[in-house]
Structure formats: structure tokens, C-alpha cells
Amino acid sequence: MRFLAGILGAATIGLILFDAFEAVLLPRRVTHAYRLVRLFYRTTWPAWKAISTAFTLPRRREAFLSTFAPLSFLMMFAAWAIGLILSFALLHWAFQTQMSIADPARTAVSYTYFSGVTFFTVGYGDLSPADGMGRFLAVLEAGLGFGFLALVLSYHPILAQAFSQREIMISLLDARGGSPPTAEQILVRSQPARCPQVLPSYFLQWEAWSAEVLERCLSFPVLGLYRSQHDNQSWLAALTVILDTSALAICGVGGRDAYQARLTFAMARHAAVDLCLVFKIQPSAPTPNRLPSEGFQVLFNRLKQAGGVFPDETAAAGLEEMAAIESRLTELRGMYEPFVNGLSQYLSFALPRFYPERLTADNWQTSAWMPRVPGIRELPGHDTAAFARGDHFV
């Protein structure tokens, strides 16, 4: 029995250390299926989502779901620590480590206690190994415990920094695309037909942001479970809106230069596809259809009424040209919607619409101390006459 216990303890220590190395230190996607971290999240996250259904209010449910990612960070490290402590206790019991103690029974409880105080480098001195193998195991466990605690302290700041950098672009979408953001509002507010340089600059920023989201979620998959500060925003909604807007631009809705839109579409779709691989998600088409034919007509008419969105040739498009645009858009949507829909179902994120059912206030417009301020297009401008007179304050 002691021989089998020693084999089990040594194998568990090796498995935990290798798993921690892959999860924290290895900056690449791990493909093999036998991982403790993957097993941990595959069991705890579905259970957490199931519990969240007990909350009837969406805000409370979202708040409950948002606690899982940081809490899982603590639970994961606690599980590793407990596993290492018990594994070293098994080794001590297997080798029958001689202890300088008043009780010579050397029970399992004594070995577990000794392993715990050694791992956390407490060292009360009431238990100490008296033979060579016990001293070797004690030094090895103390070194691992010290390094393990350092790993915990250094891992969280890196994760917090990656989360903050991801949220910057999501916050910028508030004024540029609404809350929640939609492709229609981005096109209306950017006025691509009147200001053709605005939309390509957005696409350039979104291309870089999509690459950063992909790279960070490949290195730290738990980052995908971290939710945004506002309930009506998420990184998946932002990624979907980027794909929606770039797909519309490729089809001729918006600016005439669709090259940067194609680059952004390619990078954003790459992120959606690879993240499905990371989370082992089966893509599935959204049900119901996010933009049926009647919805496309509504979107086209709203963009035309807003003005400043379509080039002249697109604004004057007939039924055949509109049907061709819709056909191209449907083809592009089929390239990414199954992936973002699979991610939304797994992560419990709501996918955005192509256009809002009703116009709501952006997050930046509301405050608890004053009435709602005007929208981004209704903000008062400067007094050009006073500016021409040279007045310092206008």
C-alpha cells in the first residue's frame, strides 16, 4: 500500500506542476485533453451557469455570472495547493518519514499537517523530519510552496492588466456605436460618406484589438470568462459588432474603400474561430436569424434616412442591387455567425442586433446626479463667430 501511495503521490505532484506550467507560464494553446484546468472549468462553469438561472432579474444574474472568473482563479490555485499538500503527505507516509515528535505513531493526520506547514513555509517546529529522505522531501516541498505562492501573486496582475486593456476598446464603442453597440449606429455616427477617413481608422483599431483579444485568450483562456463593467457590454458583443460592420462595409454599405474592412473582418473572424477551438465549442447558426430579409430592408432604409452613410451609387440602388448586397452580406455572415453564436451560448453572452429595436441612452449620457445629457450627434458645438473674434472663453 505504501508503494502504491508513493507512486500516486509522485504522479499527482508531476501532473499538478505540469498543469500549472501549461496554464500560467506556457504562452500558447495546449491541445491535449488530459488537463486538470480544463476538467476544472468544464465541471464548475456549467454548474455556475445552471445556478444563475435561479435569478429572475437580468442584472442580478449578470452580477452572479461576473463573479465566477475571479473566484475560479482562487479556486484553481487552492485546488493545486491542496493537491500538492496531500501528495507530499502521501510520499511522507510511503517513506515512513521519521519525525521528531512526542507522538511516535506517525499517523496520516500528522503527515498531512506537516506537509501543510512545510508547503506554506510556516515551520512551527513542532514537527521536523529526522531522516534523509524526509528532509529532502521537506526542502523540495518548501521550495515548491514558495514558488507557488510567488506564482499566484504574479499571475493576477498580468490577468488584470490584460482585462483592462481589452476593455478600453469596448468603452470606446459606447459613444461610437451605442449601448449596446450595433453596426447601424456605428455607420450612422461615423458618417462614412461625408467623412471617409473615419471608418477605415476604426477598422484599423478594431483589427489590432481583435488580434490582442485572440492572443490574450490563447495565453489565458480564463480571460474569456471575465465580463465587462456594464451589463449591456461584452467583449463578444464588441467582436460581433466589428464583424457586422466590416461585413456591411465589404458589401458596399459605408465607405468606398473596403480593403481595411476586409483585413479587419479576417482578423476578427480568426479570433472567433480560434476561441471556439480554445473552449471546445461546436459552432451553430443563431436561432432565430439575426437579420432576415425584412430586417435587412429595415436596416437599409434606416441607414438611407440617416444620411451620410451610403455612397451616391449605393443610395440610389434599385431592387436588384439591394438583393445583391443582401446576398453578399448573407454569405459573409455565414462565415462568422455560427462561431460567435457558439461562444455566446457557452459564455452566456447576448449577441447584439444589427440595429437597435429602440434607441436607448448611451452609458456616458446617464448619471445619478443630473438628467440625461444630449446624444453624441446633438451636443452643442462651439460658437464660430466668437472664435473668429478671438474670445478666449466661449
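Glutamate 167 is buried, with a relative accessible area of 9%. The model is predicted. This report starts with charged pairs, then turns to helices and empty spaces.

## Charged pairs

Side chains of opposite charge can pair when their charged atoms come close. The structure holds 10 salt bridges. One of them joins glutamate 167 to arginine 166. Arginine 166 has a relative accessibility of 2%, so this residue counts as buried too.

Glutamate 337 takes part in salt bridges with arginine 290 and with arginine 333. The table lists three pairs with the distance between N and O atoms.

| Basic residue | Acidic residue | N to O distance |
|---|---|---|
| Arginine 166 | Glutamate 167 | 2.9 Å |
| Arginine 290 | Glutamate 337 | 2.8 Å |
| Arginine 333 | Glutamate 337 | 3.0 Å |

Where do arginine 290 and glutamate 337 lie in the chain? Arginine 290 sits in the loop between helix H10 (259-278) and helix H11 (293-306). Glutamate 337 belongs to helix H13 (residues 319-347). The two are 47 residues apart, and their pairing links distant parts of the chain. Both arginine 290 and glutamate 337 are buried.

The pair of arginine 333 and glutamate 337 stays inside helix H13. These two are four residues apart, so about one helical turn separates them. An α-helix has 3.6 residues a turn, so residues three or four places apart point the same way. Arginine 333 counts as buried because its relative accessibility is 4%. Glutamate 337 is buried as well, at 6% relative accessibility. Shared partners join these salt bridges into one network of Asp244, Arg290, Arg333 and Glu337.

## Helix H1 and its cover

Helix H1 covers residues 2-25, which makes 24 residues. From its first C-alpha to its last, H1 reaches 33 Å. That is close to the 34 Å expected at 1.5 Å a residue.

Several H1 residues are buried, including Ala5, Gly6, Gly9, Ile13 and Ile16. Asp19 and Glu22 are also among the buried residues of H1. What covers them? The cover over the buried residues of H1 includes helix H2 (36-52), H4, helix H6 (132-177) and helix H8 (198-219).

## A residue in H4

Helix H4 spans residues 68-95 and contains histidine 92. Is histidine 92 buried or exposed? Its relative accessible area is 0%, so histidine 92 is buried. Leaving aside neighbours within four places in sequence, histidine 92 is in contact with seven named residues: Thr97, Tyr111, Phe114, Gly134, Leu137, Ala138 and Glu141.

## Two residues in H8

Helix H8 holds glutamate 207 and serine 210. Their surroundings can be set side by side. Glutamate 207 is partly exposed, with a relative accessible area of 22%. Serine 210 is buried, at 0%.

Which residues touch them, apart from neighbours within four places in sequence? Glutamate 207 is in contact with Gln260, Leu263, Thr264 and Met267. Serine 210 is in contact with Leu239, Ile242, Met267, Ala268 and Ala271. Met267 therefore appears among the contacts of glutamate 207 and of serine 210.

Glutamate 207 also gives a sense of distance. Glutamate 207 and leucine 137 are 70 residues apart in sequence. In space, 51 Å lies between their C-alpha atoms.

## Empty space

Rolling a probe the size of a water molecule over the atoms shows where empty space is left. The largest pocket holds about 820 Å³ of space. It is lined by 35 residues, and the closest to its centre are Pro180, Ala350, Leu351, Pro352 and Arg353. Helix H3 (58-66), helix H7 (183-190) and H13 each give two or more residues to this lining. By class, the lining of the largest pocket has 12 nonpolar, 13 polar and 10 charged residues.

There are also two cavities of 30 Å³ or more. The second largest cavity has a volume of about 30 Å³. Which residues line the second largest cavity? They are Ile170, Leu173, Asp174, Pro181, Gln233, Ser234 and Ala238. H6 gives the most to this lining, with three residues. Sorted by class, the lining of the second largest cavity has four nonpolar, two polar and one charged residues.

Definitions and conventions:
Residues numbered from 1 in each chain as written. Predicted model: local features only at pLDDT ≥ 70, side-chain atom pairs only at ≥ 80, totals over all residues. Heavy atoms only, no water. Buried < 20%, exposed > 50% of the residue type's maximum accessible area, 1.4 Å probe, protein only. Contact = heavy atoms within 4.5 Å. Salt bridge = Lys/Arg side-chain N within 4 Å of Asp/Glu carboxyl O. 1 Å grid on protein atoms, 1.4 Å probe; cavity = no way out; pocket = protein on both sides within 12 Å on 5 of 7 lines; lining within 4 Å. Points joined across faces, edges and corners; volume = space filled by probe spheres on them. Nonpolar A, V, L, I, M, F, W, Y, C, P; charged D, E, K, R; others polar. Expected span 1.5 Å × (residues − 1).
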